[in-house]
Every structure is written in C-alpha cells, then in structure tokens.
Amino acid sequence: MDLSSNHRGAWGSRIGFILAAAGSAIGLGNIWRFPYVTGENGGAAFVLFYFIFVLIIGLPVMISELAIGRHTQKNPVGAFSALANRSWWPLLGILGVATGVGILSYYSVIAGWTLGYFIKAIGGSFTDMNGEQAMQHFTQFVSDPKTSLIYLVVFLGITGMVVMGGVSSGIERWAKILMPVLLFLLIVLTLRSVTLQGAKEGLAFYLKPDFSKISLSMLANALGQALFSLSLGMGTMITYGSYIAKRENLAISAGYVCLFDTLIAIISGLMIFPALFAMGLDPEGGPGLVFVVLPTIFEQMPGGFIFGAGFFLLLTVAALTSTISLLEVPVAYMVDEKKWRRPKAVLLMTLLALILGVPSALSQGAVSWLSNIPLIGLGFLDFANILLGNYSLTTGALFIAIFVGYKWGVKNVIKEVTLENNQFYFANLWSFLIRFFCPIAILAIFMYILITRNYF
Ligand code: TRP
C-alpha cells in the first residue's frame, strides 16, 4: 500500500498494521499494570469484568476510533475539526493530545525501571533472592532519584529516535520482529511459575471469582484498565487508523488487536499470581508487583539469568512499542495542524514528556523534602496513573461514543468499515453498544464516583 503521496506515511501491510496496533496496546499495561490492579481489586472477579469491558466497550470504541482516523486521515484534533467544524468537539482531540503526553511521562518512568532491571539482570543481581529481598531490592532501586532520572532520559530518548524514523520504517519494523519473541518468553516463564510449589493458591485467586469482591469502584478500575490496555480513549487508534488502507476491514482488525492484547494480559496474570503466592508475597503490593515477583521466578529456574535478562529486555521493547504510539499522537498533531517539521515536533514533545516525568521519577519516596508537597507525597506516579490512565481515558471514551453515536452518526462508521466490499459483522449490535450501552455504563460509573467521592 502506498498512501505516501500525501506525505503522512502509511502501514506497509495489513499484518503490519495489526502488529503495530497490537504493539501499541501490548505493553506495561498488560504485564505491569494488569497484574497489580487485579491484585488490588481482589483477583478473578475483577478479571471477569475486565474481559466483559474489553468486549462490550473496548472493541466498539476501538472500531469507532479506527473509523474516525481512517475516514479523516488525520490526528485526533484535525479529525474532530474535520467532522464537526466550529464546535467544541476538537477539544476532545486536545484532551487526547494532552493525555498522550501525560501518560507518556509517567509510563516512561516505569519503562525506565524495566530497562534498569535488564541491566541489573545482566549484572547477575537476581541470584539467590527470596520474596523479602526482592522487595527491598526494588524499593532501594526506585528510591534513588539519580537512577530513575537517568533511565527516564535514556528511555524517552530511544522513543524519540524511533518516532523520528516515521511510520512504516520506524514503528512497524520493530513491532513485527519483537512481539512474537516476547510471547514466547512469557509462556516459558508462565510454565515455570505455575509449576512452583504453592502455586495453586495463586491460580485460585486469579481464576476463581469471589463475587463478594464486586463493587462499583472495582468496575471503574476494570473499565479504566480495559481502556488503558487497549490504548483507547485518547486518539491513539484515531492516529493509527489514519495510516490504514481503505481495503482493510477495520472491525476485524480491531477484533484481532483486542484478542492479542487480552491474551497477553491473561498470560501475564498466569505468570505473576502463582509465583506471587508461592513466594508468600502480598497481591496488593501495588505498582512494584512485577518487579518484585519476577526476580523470584528467575531465581527458581535453570538459566534464570538468561531468562531474567531476556525478559526485562523484551518488556522494555514492549513498552517502547507503546510509548512510540503515545508520542505519535502529539507529534502527528503538531505536524498536521501546526505545520511543524517532524524532527522538531518529536524533539519538543519528547522534552515536554521528560519535564513532566520528573515528579513521577522522584515520587518514590527517597527525596524527603519532596514528600511534604501534597500530591507528590501521595505518590505522584500513582496519582498520574489514576488521573490520566483511568479518568482521562474514560472521559475520552465516553465522548468518543457520544460523538460517533449522535454527532457523526453510526451510519458513517458503518460506511467507512464496509468500504471496498468489507463485511461489518454485528453492525447492529455495535450501533446499540456505542449509542446506548457505552455512554450509559460509563456515565453510571462516573456518577458513582462523584457521589461517593471515592476518587482514588
Ligand atoms: N496500551 C499500552 C499498554 O498497555 C499503553 C498505551 C499506549 C496507551 N498508547 C496508549 C494507553 C494510549 C492509553 C492510551 O501498555
């Protein structure tokens, strides 16, 4: 496919797009965020609702975002201006661009930790480590401000360099090679984890729903996690959709992306929880969970050193294919709307993310005077993760559903999906979900949060 005559770039092939979109979706959201949020929300019952939300909110919203992007061939702001000129709708694109930079900033801090753990693994730091020691090790690592900052700079620098390379030569080439290798390593580690002594309890926590754990705040977290994991609610898929050829079936492509993303999340849980219970660690361990549990698995396997290094390297790469998509949104906006040249846009947006990332990098408690500043004392990174990763995405998804359902119109999405004789299976069901179910369900969750003031 060659859409490059319009100078925006395009995916080289169908599988190229699916892998690139899956590369955006699959990342720390699946392997770092999913297990710890599952742990904090009581296990299997949360997982069940997460699946349901992927299917009945995530998939319909993804089809909508892709259709908006491919129809308009634009970044989120340009897309909403094109479809609803002289209205407030372009603000939704602005929210997306801002959310993108914001998520990029703290996400890169975590990605920096994975990079740091790769280097540590090579240095042989993870031999002879029990759960307790792994925990101490992690706390010490993240509370050193210098290390956190250096890894943040390195990781963002790499992201910027790839995005500089453009759509098919940069982003697509990387995703194609590295995603399958990651899947392989995940499966190997999962096999080790589920065969550890004491793994059963972890499997039960993860797979046997305890319905007394269901609460509205759990539902809000499940929805936030579904959107975050699928890269929805801020226009990533609008931007990626703008590079897809007209002959591709958007609904089927979206289905594949949801399937792959969910598969990786399921496997990650299978990797983490059995080992976690086997090591006697607390499932409510928070954002440090994978960094504490994984080293204890490596320690228990022959060649753990290789697996440890390999795993953290690939996790860093999975994070990279996600940060690329996060950075691509503000960059596409600056290039399309502000007529910046690509290198300038990449450089300035990366710098902005770096500056915004500093409080997150320093928020893990070490710098004592910082802990007196209100939000930072709370753990700025956790705060950003909830504000941007839950609320901002959920707000974005709500308005995207309303936009498609009532402003642009479901007919136009169906027309876009069925171009060149493509089939849109379940188009009626999709219309119902996007017009009625998605907005009402999301609003209900917001109302609950407002009424109970249970914000964080
Ligand atoms: N989905 C990615 C992950 O699971 C993170 C990500 C990339 C993202 N682009 C996004 C999250 C856009 C929300 C919105 O790691």
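Biologist: Which residue has a polar backbone atom 3.2 Å from an oxygen atom of the ligand?

Modeller: This is a predicted model. A polar contact needs a pair of N or O atoms within 3.5 Å. An oxygen atom of the ligand passes that test at 3.2 Å, and its partner is a polar backbone atom of L28.

Biologist: How far is a backbone N or O atom of A25 from an oxygen atom of the ligand?

Modeller: A25 is among the residues that come nearest to the ligand, along with G29, Y107, F228 and S231. For A25, the contact runs from a backbone N or O atom to a ligand oxygen, at 2.7 Å.

Biologist: Which residue has a backbone N or O atom 3.2 Å from a nitrogen atom of the ligand?

Modeller: The cut-off for a polar contact is 3.5 Å. The ligand nitrogen has a backbone N or O atom at 3.2 Å, and that atom belongs to S229.

Biologist: What share of the ligand's exposed area does the protein bury?

Modeller: Taken alone, the ligand exposes 360 Å². The ligand sits in the largest cavity. The share buried by the protein is 100%.

Biologist: How many residues of the shell around the ligand are charged?

Modeller: The shell draws two or more residues from each of α1 (14–25), α2 (28–40), α5 (90–122), α10 (216–229) and α14 (304–337). Its residues divide into 8 nonpolar and 9 polar, and the number charged is none.

Biologist: What is the radius of gyration of the protein?

Modeller: The secondary structure comes to 19 helices and 0 strands. The globule rule gives 23 Å for 456 residues, and the protein's value is close to that, so it is as compact as a globular protein of that length. The radius of gyration is 21 Å.

Definitions and conventions
Residues are numbered from 1 along each chain as its sequence is written. This is a predicted model: local features need pLDDT of at least 70, side-chain atom pairs count only at pLDDT 80 or more; totals for chains, interfaces and linings use all residues. Side-chain values use heavy atoms; hydrogens and water are left out. A residue is near a molecule or strand if one of its heavy atoms lies within 4 Å of it. A polar contact is a pair of N or O atoms within 3.5 Å; within protein, one must be able to donate a hydrogen and the other to accept it, and residues adjacent in sequence count only if both atoms are side-chain atoms. Accessible areas come from the Shrake-Rupley method with a 1.4 Å probe; for residues, only the protein chains shown count as cover. On a 1 Å grid over the protein atoms alone, a cavity is a set of points where a 1.4 Å probe fits but cannot get out, and a pocket is an open set with protein on both sides within 12 Å along at least five of seven lines; lining residues have an atom within 4 Å of a point. A molecule sits in a cavity or pocket if more than half of its atoms lie within 2 Å of its grid points. Helices (H or I, at least four residues) and strands (E, at least two) are DSSP runs, numbered from the N terminus. Ala, Val, Leu, Ile, Met, Phe, Trp, Tyr, Cys and Pro count as nonpolar, Asp, Glu, Lys and Arg as charged, and the others, Gly among them, as polar. The radius of gyration is taken over C-alpha atoms; the globule rule is 2.2 Å times the number of residues to the power 0.38.
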